[in-house]
Amino acid sequence: MLTSLQGKSVLVTGGTSGIGLGIAVGFARQGAKVAISGRHRDKVEAVASRLRDQGLAVIGLVADVGDRAQVLRMIEEVAQAQGGLDVLCANAGVFPSAALAEMSDTDWDKVLGTNAKGTFLCVQAALPYLRRAEYGRVILTSSITGPVTGFPGWAHYGASKAAQLGFMRTAAIELARDGITINAVLPGNIVTEGLQGMGEDYQASMAASIPLKRLGQVEDIANAALFFASREAGYITGQSLIIDGGQILPESLQALA
């Protein structure tokens, strides 16, 4: 039984859909005060309202994590509304597809600016509040794509997700002096709007390549984030946890025959 997260102040960036929404719901169901952020006001407000209707303590904030001024404002709003900040879930990310031969500077900068720079900006801005917390926690949403595997069209995405882990390892050393831990979850193929948009054939082929023979659920990622945020995980920092149903293990589909 993990120590209760009741009353902890949590921010989940990119929390209006997919894995981010799953993480936000997971924390809120454990009694945490949760702020979700996104770039589009209408969606942020609609999702936050829907979660409050379910009895969850959730507020919505609008911010582009790649913009320093907006990130600073977001962190300040969270701290004021929720009495500080205990847990930062740096989850916001984009994953447009572009073949390497056709990828533009703009394509590259957009993905790295959100996924890698956005992580840096959010962690940096949150530090003053995490230092005041009883025990500060940072959880990054990386991916198996980039750090472990590759996929055509996602060279920029893979680079950004690997960059998050490089950032995390040095950040862990620097944050340790303040008792703050930083760890990462690396999801495999998780059922989200983005995955569903890739079509049934893709989903079926992915499920067939996973030893557990099924795609993951957002709750699988939320559970890992809850553990990393717990008091009990206080001696774990700078680590990454792959959550993929064993997808990266087989050498080929023959191994699963």
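Nine helices and seven strands make up the secondary structure of this protein. Its radius of gyration is 18 Å, close to the 18 Å that the globule rule gives for 257 residues, so the protein is as compact as a globular protein of that length. Please keep in mind as you look around that this is a predicted model.

How sure is the predictor? The average pLDDT of the protein is 96, and 100% of the residues score at least 70. Confidence is highest in strand β5 (residues 137-141), with a mean of 99, and lowest in helix α7 (residues 193-196), with a mean of 77.

**The overall build**

Along the principal axes, the C-alpha atoms fill a box of roughly 50 × 45 × 40 Å. Of the 257 residues, 51% are buried. Among contacts with a separation of 6 or more, 73% join residues that are 24 or more positions apart. The accessible surface of the protein is about 12,100 Å², and carbon and sulfur atoms account for 52% of that area.

**A meeting of aromatic rings**

There are six aromatic pairs in the structure. F95 is a good place to start, and two of its pairings are set side by side here.

| Pair | Centre to centre | Angle between planes | Type |
|---|---|---|---|
| F95 and W154 | 6.1 Å | 75 degrees | edge-to-face |
| F95 and Y157 | 6.4 Å | 75 degrees | edge-to-face |

F95 lies in the loop between β4 and α4 and Y157 in helix α6, so their pair ties together parts that are 62 residues apart in sequence. W154 sits in the loop between β5 and α6 (155-176), so its pair with F95 links parts 59 residues apart in sequence.

Are these three residues buried or exposed? F95 is partly exposed, at 45% relative accessibility. W154 is buried, with a relative accessible area of 15%, and Y157 is buried too, at 11%. The picture widens with F151 and Y202: together with F95, W154 and Y157 they form one aromatic cluster.

**Two cysteines without a bond**

A disulfide is a covalent bond between the sulfur atoms of two cysteines. How many disulfides does a search of the whole structure find? The answer is zero. Why is C89 not bonded to C122? The sulfur of C122 is the closest cysteine sulfur to that of C89, but at 11 Å it is too far for a bond. Seen from the other side, C122 is in no disulfide either, and its nearest cysteine sulfur is that of C89. C89 counts as buried, at 1% relative accessibility, and C122 is also buried, with a relative accessible area of 1%.

Key:
Residues are numbered from 1 along each chain as its sequence is written. This is a predicted model: local features need pLDDT of at least 70, side-chain atom pairs count only at pLDDT 80 or more; totals for chains, interfaces and linings use all residues. Side-chain values use heavy atoms; hydrogens and water are left out. pLDDT is the predictor's confidence in each residue, from 0 to 100. Helices (H or I, at least four residues) and strands (E, at least two) are DSSP runs, numbered from the N terminus. A disulfide is a pair of cysteine sulfur atoms within 2.5 Å. Buried means under 20% relative accessible area, exposed over 50%, partly exposed in between (1.4 Å probe, protein chains only). The radius of gyration is taken over C-alpha atoms; the globule rule is 2.2 Å times the number of residues to the power 0.38. Contact means heavy atoms within 4.5 Å. Accessible areas come from the Shrake-Rupley method with a 1.4 Å probe; for residues, only the protein chains shown count as cover. Rings of Phe, Tyr and Trp (its six-membered ring) pair if their centres lie within 6.5 Å; planes under 30 degrees apart count as stacked, over 60 as edge-to-face and the rest as tilted.
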